[in-house]
Amino acid sequence: MKEKIRIGCGAGFSGDRLEPALILTEKGNLDYLVLECLAERTIALAQKRKQQDPSQGYDVLLERRMEGLLPLLIQHKTRLITNMGAANPIAGGKKIIEIAQKKGIKIKVAVVLGDDVFSQLSGEELTMEGNLPLKSYGKLVSANAYLGADAILPALDTDAQIIITGRVADPSLFLAPMIKEFGWDINDANLLGQGTVIGHLLECAGQITGGYFADPVTKPIPNMDRLGHPFVDVFKDGKAKISKVSGTGGMVSVQTAKEQLLYEVLDPENYFTPDVVADFSKVKIKEIAKDEIEVLGGKGKPRPQTLKVSVGYQAGWMGEGEISYAGAHALERAKLAGDIIRKRISHLYHEFRVDYIGMSSLHGELLSQNSNPYEIRLRIAGKTQEKFLAQLVGEEVEALYTNGPAGGGGARKNVTELLGVVSILKDRSSIASQVELLES
Amino acid sequence: MKRKLAEIAHSRAGDKGNTLVLSLFPFDKKDFDTLVDQVTAEKVKIHFSEQIKGEITRHILPELQGLLFTCENALSTGVTTSLALDSHGKSLSFALLELEVETNN
């Protein structure tokens with residue numbers, strides 16, 4: 001058993017920058033690199049790609065990330081844990097093997113399976129959001145259970161250097177190597193709670209190194225164009241020291257960590273994961289050096305008997321149209337244009353929205369009442385089950401060019417297919433994970 | 001004197017479905033009590049009367065010197081299906097910081 005391990009987080013969402021993970025692997029002296037690339041809806045979108053082509057459905061940046069990373073992971077003997085498998089972890093694993101073969105690299109990939117429970121759905125399950133049966137939401141397209149650290153452990157017990165998963169709770173990607181390397185008892189809720197705190201602090205990468213924290217007036221952060229991503233030294237007793245590679249931009253401080261600690265947390269005393277119900281409320285964060293903090297005091301209660309399942313459904317279409325007005329009476333003309341479109345087509349949509357960008361598009365009229373902009377961009381959005389009606393929104397906005405009011409310019413139109421996500425709870429005994437080993 | 005929260009505190013917004021989560025921390029811990037006394041759930045609900053349609057729960061975290069507001073039915077159905085330009089509600093942290101409080105200094 002080890003006394004200390006170092007885990008880096010090189011990506012905090014699917015579209016994150018590529019080079020921080022390369023820098024972490026090359027200069028961070030890591031035991032493990034985690035790439036967290038799966039938001040709630042990402043997997044439903046990936047499921048659609050898989051339906052169109054069974055060899056797709058893994059993360060769209062997987063190839064680009066692995067091309068650069070693979071040689072560095074080998075050179076520095078760093079193990080990678082990533083949920084880039086998305087809706088098709090096996091195909092993602094095979095793609096990594098293919099990249100390794102092309103580069104003449106010998107490598108093993110352990111694929112964690114079992115999160116896809118779509119075939120088990122009846123449609124009668126009640127959602128956590130609305131307490132309504134799933135089937136009432138529309139055509140269902142995906143169902144993925146949040147697996148926990150227990151699903152990753154068998155993969156870590158193999159000699160695979162790369163572990164790729166589908167849907168796994170984000171902190172579990174970090175907790176699994178702690179349990180493995182320190183031999184933590186999976187019934188020790190306080191240790192798992194502390195490990196979950198550490199995972200939660202790291203999982204959004206640049207959000208703890210000052211990136212999403214920054215405000216040039218009240219919270220200035222140096223060299224954000226070269227923002228470093230975080231790593232953590234975890235000790236056997238759960239103590240953690242979080243830092244970043246020296247020479248990279250950004251900042252790690254008590255303040256950056258506090259903002260991240262409560263990020264997306266509904267109840268700080270009861271943070272549900274598949275591993276533990278963690279208590280974040282007594283966490284102590286201390287600055288021990290420049291860009292280095294110590295984190296203690298995460299606690300927990302035993303894990304829940306159910307797992308959360310994210311279910312994707314077809315939610316229709318969103319149509320958007322935009323057009324700009326400037327100078328004298330810009331807002332009045334934009335409002336006239338908005339009224340014209342509203343009178344002409346709003347009755348055709350389930351939901352309809354008129355925004356004045358530059359004035360009230362983000363937070364409505366009340367909070368924006370004192371603004372007085374030189375230019376206004378009108379934005380119209382409508383939700384509908386029919387694609388042609390979604391297209392009509394942008395067409396109507398574009399037609400303002402000649403039909404007025406005066407001086408409208410820069411019209412743009414856009415149509416987006418909406419994939420909604422709702423959640424259900426499912427007994428964990430009905431969800432079994434497996435590991436498949438691939439080799440180049 | 002009246003001051004905007006932005007001068008004495010920082011905040012981060014997060015989302016889970018249609019629920020908005022706003023954290024609030026003072027820059028200087030001497031202002032923590034001001035936040036506890038004045039930034040109540042009721043005041044936040046009035047401030048966000050156009051956005052937050054559901055209940056607001058305020059968590060006071062003395063160890064972290066921070067507050068957390070869990071706001072239900074706040075993101076016009078949530079990130080996956082909202083028509084809003086900022087469907088996550090990420091910019092709402094800075095809307096919270098527009099709220100004014102009374103301070104002694």
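Which strand gives the largest share of the lining of the second largest pocket? The answer is strand 15 of chain A, with 5 residues. The legends below take that pocket first and then move through the rest of this predicted model.

**Figure 1. The second largest pocket draws on both chains around its centre.** Its volume is about 550 Å³. The lining counts 27 residues, and those closest to the centre are A:Arg353, A:Gly364, B:Glu50, B:Gln51 and B:Ser76. Helix 9 (330-345) and strand 15 (351-357) of chain A each contribute at least two lining residues. By class, the lining holds 8 nonpolar, 11 polar and 8 charged residues.

**Figure 2. A salt-bridge network includes A:Arg353.** A:Glu320, A:Arg353, A:Asp355 and A:Arg379 are its linked members. A:Arg353 also appears among the residues closest to the centre of the second largest pocket.

**Figure 3. A:Lys219 and A:Glu259 form a salt bridge.** The closest N and O atoms are 2.7 Å apart. A:Lys219 sits in the loop between helix 7 (189-202) and strand 7 (230-235) of chain A, while A:Glu259 belongs to helix 8 (residues 254-261), so the contact ties together parts 40 residues apart in sequence. Are these two residues buried or exposed? Both A:Lys219 and A:Glu259 are buried. Over all chains, the count is 29 salt bridges.

**Figure 4. A:Lys413 pairs with A:Glu398 in a salt bridge.** The N to O distance is 2.9 Å. A:Lys413 is in strand 17 (residues 409-427) of chain A and A:Glu398 in helix 10 (residues 387-398), so strand and helix are tied together by residues 15 apart in sequence. A:Lys413 is partly exposed, at 47% relative accessible area. A:Glu398 is partly exposed too, at 33%.

**Figure 5. A:Glu294 and A:Lys286 make a salt bridge with unlike burial of its ends.** The closest N and O atoms lie 3.8 Å apart. A:Glu294 is buried, with a relative accessible area of 11%. A:Lys286 is partly exposed, at 48% relative accessibility.

**Figure 6. The largest cavity has a volume of about 70 Å³.** The model has 1 cavity of 30 Å³ or more. Its lining consists of A:Ala149, A:Asp150, A:Leu153, A:Ile179, A:Ile186, A:Leu192, A:Asp275 and A:Arg303. Helix 5 (residues 149-156) of chain A gives the most, with 3 residues. The lining divides into 5 nonpolar and 3 charged residues, with no polar ones.

**Figure 7. Helix 6 of chain A is largely enclosed by the rest of the structure.** Of its 13 residues (170-182), 12 are buried. Among them are A:Asp170, A:Phe174, A:Met178, A:Ile179 and A:Glu181. A:Ile179 also lines the largest cavity. Just after the helix, A:Gly183 takes a positive phi of about 65°.

**Figure 8. Strands 9, 10 and 13 of chain A form an open sheet.** The order is 9-10-13, with antiparallel pairing. Strand 9 (271-272) and strand 13 (299-301) stand at the edges with a single partner strand each, so one side of each has no neighbour in the sheet. Strand 9 joins strand 10 (residues 277-279) through 2 bridges. Across that pairing, A:Phe272 stands opposite A:Val277.

**Figure 9. Backbone details include a cis peptide bond and positive phi values in residues other than glycine.** Most residues other than glycine have a negative phi, and most peptide bonds are trans. The bond from A:Gly404 to A:Pro405 is cis, with omega near 15°. A:Pro405 is found in the loop between helix 11 (400-403) and strand 17 of chain A. A:Asn131 has a positive phi, near 55°. A:Asn131 lies in the loop between strand 4 (108-113) and strand 5 (140-145) of chain A, and is exposed at 55% relative accessible area. B:Thr77 has a positive phi of about 85°. B:Thr77 is placed in the loop between strand 5 (66-71) and helix 4 (92-96) of chain B, and is partly exposed at 38%.

**Figure 10. An annotated domain covers residues 5-436 of chain A.** The unreviewed UniProt entry labels this stretch "Acyclic terpene utilisation N-terminal". The chain there is 28% helix and 28% strand. The end C-alpha atoms are 26 Å apart.

Definitions and conventions. Residues numbered from 1 in each chain as written. Chains lettered and ligands numbered in written order. Predicted model: local features only at pLDDT ≥ 70, side-chain atom pairs only at ≥ 80, totals over all residues. Heavy atoms only, no water. UniProt positions renumbered as here; feature names shortened; annotations may be inferred. Helix = DSSP H or I, 4+ residues; strand = E, 2+ residues; numbered from the N terminus. Salt bridge = Lys/Arg side-chain N within 4 Å of Asp/Glu carboxyl O. Buried < 20%, exposed > 50% of the residue type's maximum accessible area, 1.4 Å probe, protein only. 1 Å grid on protein atoms, 1.4 Å probe; cavity = no way out; pocket = protein on both sides within 12 Å on 5 of 7 lines; lining within 4 Å. Points joined across faces, edges and corners; volume = space filled by probe spheres on them. Nonpolar A, V, L, I, M, F, W, Y, C, P; charged D, E, K, R; others polar. Pairing = 2+ DSSP bridges.
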